[in-house]
Amino acid sequence: MERTDKEYQELKKRIREAIRMDFISPDEIPGIELYMDQLTHFMDKHLGSNTRNEDEKTLTKTMINNYTKNKLLPPPEKKRYSKKHLILLIYIYYLKNVVSISDIRRILGPMIEDDFDIEKMSGFYDSIFSMEKMQYFNTEASIIKSEQIVDKKLPRDEDGYLNKMSAIFMLGYDVFMKKKLIEKLIDELPEE
């Protein structure tokens, strides 16, 4: 049994609420250097609603120290983090749940090694930020399409368990395919 238009509108609303993301717009990135506590507070303030629950932290001091130790982030200068550090941390924030630390190092390597000056990094971040907004709507449409496939192939059950499981598997398959493509693109990057 397929959903009615009203049910699809409700589904769209639920999906929008579930995938709603906070972003850090280019003009929100401070032009001044931040100390560690200021940096973690900034990230929590701007990205904290993206966490799964209230106890989860966006970024911790330990994470930042580990990123520096693993050469994902240049060391701070006089315990202060620059705009460059912040941009790199934003990229790490989004990538860390998808690819390995070594893959992130390979992706960000040229930026970390000072091949990118701050103007070039800021311009690139501006571009990425504008594409993220567009990708949000592509993702929403893709999720709805997956739900439509589930509805056509599997009649809705009474408690919705099988439909939710099917949606989970469809989304998991989608993420897996995209992750494989990401890894292929990373493998095509020049070696460090």
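**A chat about helix contacts, cores and salt bridges**

Visitor: Does Lys71 count as buried or exposed?
Guide: Lys71 counts as exposed, because its relative accessibility is 60%, a value over the 50% cut-off. Please keep in mind that this is a predicted model.

Visitor: Where is Lys71 found?
Guide: Lys71 sits in the loop that runs between H3 and strand E2, the latter made of residues 80–81.

Visitor: And what is the phi of Lys71?
Guide: The phi of Lys71 is positive, at about 60°, although the residue is not a glycine. As background, most residues other than glycine have a negative phi.

Visitor: What about Lys79, which phi does it have?
Guide: Lys79, which is not a glycine either, has a positive phi of about 65°. Lys79 is placed in the loop between H3 and E2, and it counts as exposed because its relative accessibility is 67%.

Visitor: Let's step back. How many helices and strands are in the chain?
Guide: The chain contains seven helices and two strands, and in sequence order these give the pattern α-β-α-α-β-α-α-α-α. The C-alpha trace spans about 65 × 35 × 30 Å along its principal axes.

Visitor: What percentage of the residues count as buried?
Guide: Of the chain's 192 residues, 34% count as buried. As for contacts, if one takes those between residues at least 6 apart in sequence, 68% of them join residues at least 24 apart.

Visitor: On to helix packing. At roughly what angle do the axes of H2 and H3 cross?
Guide: The axis of H2, residues 36–47, and that of H3, residues 61–69, cross at roughly 110° and come within 10 Å. The two helices are therefore roughly perpendicular to each other, since angles of 65 to 115 degrees are counted that way.

Visitor: Which residues make the contact?
Guide: From H2 the contact is made by Met36, Asp37, Leu39 and Thr40, and from H3 by Lys61, Ile64 and Asn65. By residue class, the contact of H2 with H3 divides into three nonpolar, two polar and two charged residues.

Visitor: Does Lys61 form a salt bridge, and if so, with which residue?
Guide: Lys61 forms a salt bridge with Asp37, and the closest N and O atoms of the pair are 2.8 Å apart. Lys61 lies in helix H3 and Asp37 in helix H2, so the pair ties together parts that are 24 residues apart in sequence. Lys61 counts as partly exposed, with 43% relative accessibility, and Asp37 counts as partly exposed at 48%.

Visitor: How many salt bridges are found in the whole structure?
Guide: A search of the whole structure finds nine. One of them joins the side chains of Arg106 and Glu191, at 3.2 Å from N to O. Because Arg106 lies in helix H5 and Glu191 in the segment after helix H7 (161–187), the pair ties together parts that are 85 residues apart in sequence.

Visitor: Is Arg106 buried or exposed?
Guide: Arg106 is buried, with a relative accessible area of 15%, whereas its partner Glu191 counts as exposed at 66% relative accessibility.

Visitor: What does Lys184 form a salt bridge with?
Guide: Lys184 forms one with Glu188, and here the closest N and O atoms are 3.9 Å apart, which is within the 4 Å cut-off. Lys184 is partly exposed, having a relative accessible area of 49%, while Glu188 is exposed at 53%.

Visitor: Now the interior. Which residues of the largest nonpolar core touch the most other members?
Guide: That core has 33 residues, and those touching the most other members are Ile24, Met43, Ile64, Leu89, Leu108 and Tyr125. At least two residues of this core are supplied by each of H2, H3, helix H4 (83–95), helix H5 (101–112) and helix H6 (118–153). The largest share, eight residues, comes from H4. Apart from this core lies another one of five residues, including Tyr8, Leu11, Ile15 and Ile143.

Visitor: And Ile24, what is it in contact with beyond its neighbours within four places in sequence?
Guide: Leaving those neighbours aside, Ile24 is in contact with Ile29, Phe42, Met43, His46, Leu47, Ile90, Tyr125 and Phe129. In general, nonpolar side chains tend to be buried together in soluble globular proteins.

How values were computed: Residues are numbered from 1 along each chain as its sequence is written. This is a predicted model: local features need pLDDT of at least 70, side-chain atom pairs count only at pLDDT 80 or more; totals for chains, interfaces and linings use all residues. Side-chain values use heavy atoms; hydrogens and water are left out. Axes are lines fitted to C-alpha atoms, for helices over the stretch in contact, and angles run from 0 to 180 degrees between N-to-C directions. Helices (H or I, at least four residues) and strands (E, at least two) are DSSP runs, numbered from the N terminus. Angles under 35 degrees count as roughly parallel, over 145 as roughly antiparallel, 65 to 115 as roughly perpendicular and the rest as oblique. Contact means heavy atoms within 4.5 Å. Ala, Val, Leu, Ile, Met, Phe, Trp, Tyr, Cys and Pro count as nonpolar, Asp, Glu, Lys and Arg as charged, and the others, Gly among them, as polar. A nonpolar core is a set of buried Ala, Val, Leu, Ile, Met, Phe, Trp, Tyr and Cys residues joined through side-chain atoms within 4.5 Å. Buried means under 20% relative accessible area, exposed over 50%, partly exposed in between (1.4 Å probe, protein chains only).
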